[in-house]
Structure formats: C-alpha cells, structure tokens
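Work through the exercises below with the model open, and try each task before reading its solution. Each solution goes from the residue to its surroundings.

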Amino acid sequence: MKTRAATAAFVLHSHDWSESSLILDLFTRAHGRVVAVAKGAKRPYSQLRPVLLPFQRLSVAFGAKQGQDVEVWLLRQAEWAGGPAWPGGDALLPGFYANELLMRLLPRHDHLPRLFDAYVDLLPALTLPGTLHAALRAFELMVLRQLGHLPDLSLHSASGQPVNDDVLYTLHPELGVCEAQADDATLPGWLMRQLESVLQPAFEADADGLPEPLLQACALGSSGLRSVLRIVLHYHVGPQPLRTRQLMMDLQQT
C-alpha cells in the first residue's frame, strides 16, 4: 500500500483497540483532526510505542487508500519531529483541556493550518510564568472564530452598531454580542473592540500562531473573558461537560 505524504501532527488522545493496537485522535497540519488506528503500537518492541504521546510534535503518514469518506484512517508511520520535551507540571491539565476542546469541537478532516500553528504556540506558552490563562483564552477565541462560532466582537449583533466603550456586554451563544443583564458574565465595550482588532489579523496568511497582540489583549481581561467564553464553549460542546475543565475547577476548590 502506498503512503500519503508525511504531515506534522500531535496526539490528542489514544485508547486501546486490541491487545496490540491503538486508536488515536490526531491533530494534523495537512488533514486537520484525524482518527487513526496504529497497528501493533502496543507491542514491546514497536517503534511507534515511545513516539505516540501527547504534546510531542510528530511527523506522521497515513495509508493512501484512506480517504476522507473513511472514518478511521490507517497510521503507516510516525516519527518524533524534534523540539524540546514538553515539561508539563502545572501546564499538564490545561494542555489536556486544549486537547479535549479540539476533540469535541473540530470536525474530522477539515484543513485548519492556522489553528494548528496556534496549538503549536500554545503548548510552550502554557509553561511560561504569567502566560497560561491569557494563552488559553487566546486559543479558545481562535478555535471559536475558526469554526464560525464567534461573531464580530466590535459590533452589537442585533443592531449592527459599534459597541460603546463604557457599556458592559456579554456574548450569547445564539444572539451574539448584546448588552449584559444583571447576572451575565460581562466584558466592557472597549475590550470587545480591542479583542476584535487583534483577532482579525490573527488569521492572515503571515500571522504568528498565537500573535502577541492577541495574548496581550486577553491578559487585560482574562478573568471576565474566561467566564464569557465558558458559556459559549459549553453551548457548542453539547450537554456533556468538558471533563478536564471540571477537573481543573475541582482541584482549584480543594
């Protein structure tokens, strides 16, 4: 069987398929999210066994007969693609949260190179002092915008008028940007406009993965932004909550 050209990839999740094989959820630069079987990967002397780990940049290739109409592709090869080992630590749960977010929201086989590049930048940003929360918010915004779930933040969605700097707004999953009510999670209009001004360039061809202006804007309102985005993300992932988010909340309470 011929093999497709290799592409950069990360393992989002894996689980046993048989006594010797694994089913992998992969995020690839060329094919988007792919579910693939790695035959023999659990065997003691398999070359795949030490490679197929989360947060390691890989170079992978799939069997040529695996088309987009096939649900599960066949992993033909996987090699470590270089780069430093991911240190984990306090960034471990946020890293798994980002992986779960991609698994729950991304359709299979959508070519999303800008989002892949943002994920590449997210991983080291999670380990740097003071950048974890801003990096997660920036990544969540890029995921929602890439998938068409995020309206223009600088405009009131119902009226189409620019938001007012001094007014508090919220982001409704169905209604878009609207003036906040008493119990809503809120962001001021000036921050909504600033976020939109840096989000649009983030998807230009020559943009960085997670542009520094976007990280800076997210840092300005990290707490409020987290609450606003949580509602939108919960709506789009469906009734089953994100397990890693709940685990992080439980750990914070204890």
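**Exercise 1. A loop histidine**

Decide whether histidine 109 is buried or exposed, and describe its backbone.

Histidine 109 counts as buried because its relative accessibility is 10%, where buried means under 20% relative accessible area, exposed means over 50%, and partly exposed covers the range in between (1.4 Å probe, protein chains only). Before going further, note that this is a predicted model, in which local features need pLDDT of at least 70 and side-chain atom pairs count only at pLDDT 80 or more, while totals for chains, interfaces and linings use all residues. Residues are numbered from 1 along each chain as its sequence is written, and side-chain values use heavy atoms, with hydrogens and water left out.

The next step is to place the residue: histidine 109 sits in the loop between H1 and H2, helices being DSSP runs of H or I with at least four residues and strands runs of E with at least two, both numbered from the N terminus. Most residues other than glycine have a negative phi. Histidine 109, which is not a glycine, has a positive phi of about 70 degrees.

**Exercise 2. A second positive phi**

In which loop is phenylalanine 55 found, and what is its phi?

Phenylalanine 55 belongs to the loop between S3 and S4, and its phi is near 70 degrees, a positive value in a residue other than glycine. With a relative accessibility of 8%, phenylalanine 55 counts as buried.

**Exercise 3. Aromatic pairs**

Describe the geometry of the pair formed by phenylalanine 62 and tryptophan 73, and then that of tyrosine 119 and phenylalanine 139.

Start from the rule: rings of Phe, Tyr and Trp (its six-membered ring) pair if their centres lie within 6.5 Å, and planes under 30 degrees apart count as stacked, over 60 as edge-to-face and the rest as tilted. By this rule there are seven aromatic pairs. In one of them, phenylalanine 62 and tryptophan 73 are arranged edge-to-face, with 5.2 Å centre to centre and 80 degrees between the planes. This pair links distant parts of the chain, since phenylalanine 62 lies in strand S4 (residues 58-62) and tryptophan 73 in strand S5 (residues 73-80), 11 residues apart. Phenylalanine 62 is buried at 0% relative accessibility, and tryptophan 73 is buried at 1%.

Tyrosine 119 and phenylalanine 139 form a tilted pair, 6.2 Å centre to centre with 55 degrees between the planes. Here, too, distant parts of the chain are linked: tyrosine 119 is in helix H2 (residues 113-126) and phenylalanine 139 in helix H3 (residues 132-146), 20 residues apart. Tyrosine 119 is buried at 0% relative accessibility, and phenylalanine 139 is buried at 1%. As a last step, place these two rings in their wider setting: one aromatic cluster is formed by Phe10, Phe27, Phe116, Tyr119 and Phe139.

**Exercise 4. Salt bridges**

How many salt bridges does a search of the whole structure find, and which parts of the chain do they join?

The search finds eight salt bridges, each defined as a side-chain nitrogen of Lys or Arg within 4 Å of a carboxyl oxygen of Asp or Glu. One of them joins aspartate 117 and arginine 29 at 2.8 Å, N to O. Aspartate 117 is in helix H2 and arginine 29 in the loop between strand S2 (22-28) and strand S3 (32-38), so that the pair links distant parts of the chain, 88 residues apart. Aspartate 117 is partly exposed at 21% relative accessible area, as is arginine 29 at 32%.

Turn next to glutamate 71 and arginine 108, whose closest N and O atoms are 2.8 Å apart. Glutamate 71 lies in the loop between S4 and S5, arginine 108 in the loop between helix H1 (92-105) and H2, and 37 residues separate them. Glutamate 71 is exposed at 52%, whereas arginine 108 is partly exposed at 30%.

Finally, glutamate 140 bridges to arginine 137, again with closest N and O atoms 2.8 Å apart. These residues are separated by about one helical turn because they are three residues apart in helix H3. Glutamate 140 is buried at 0% relative accessible area, and arginine 137 is buried at 3%.
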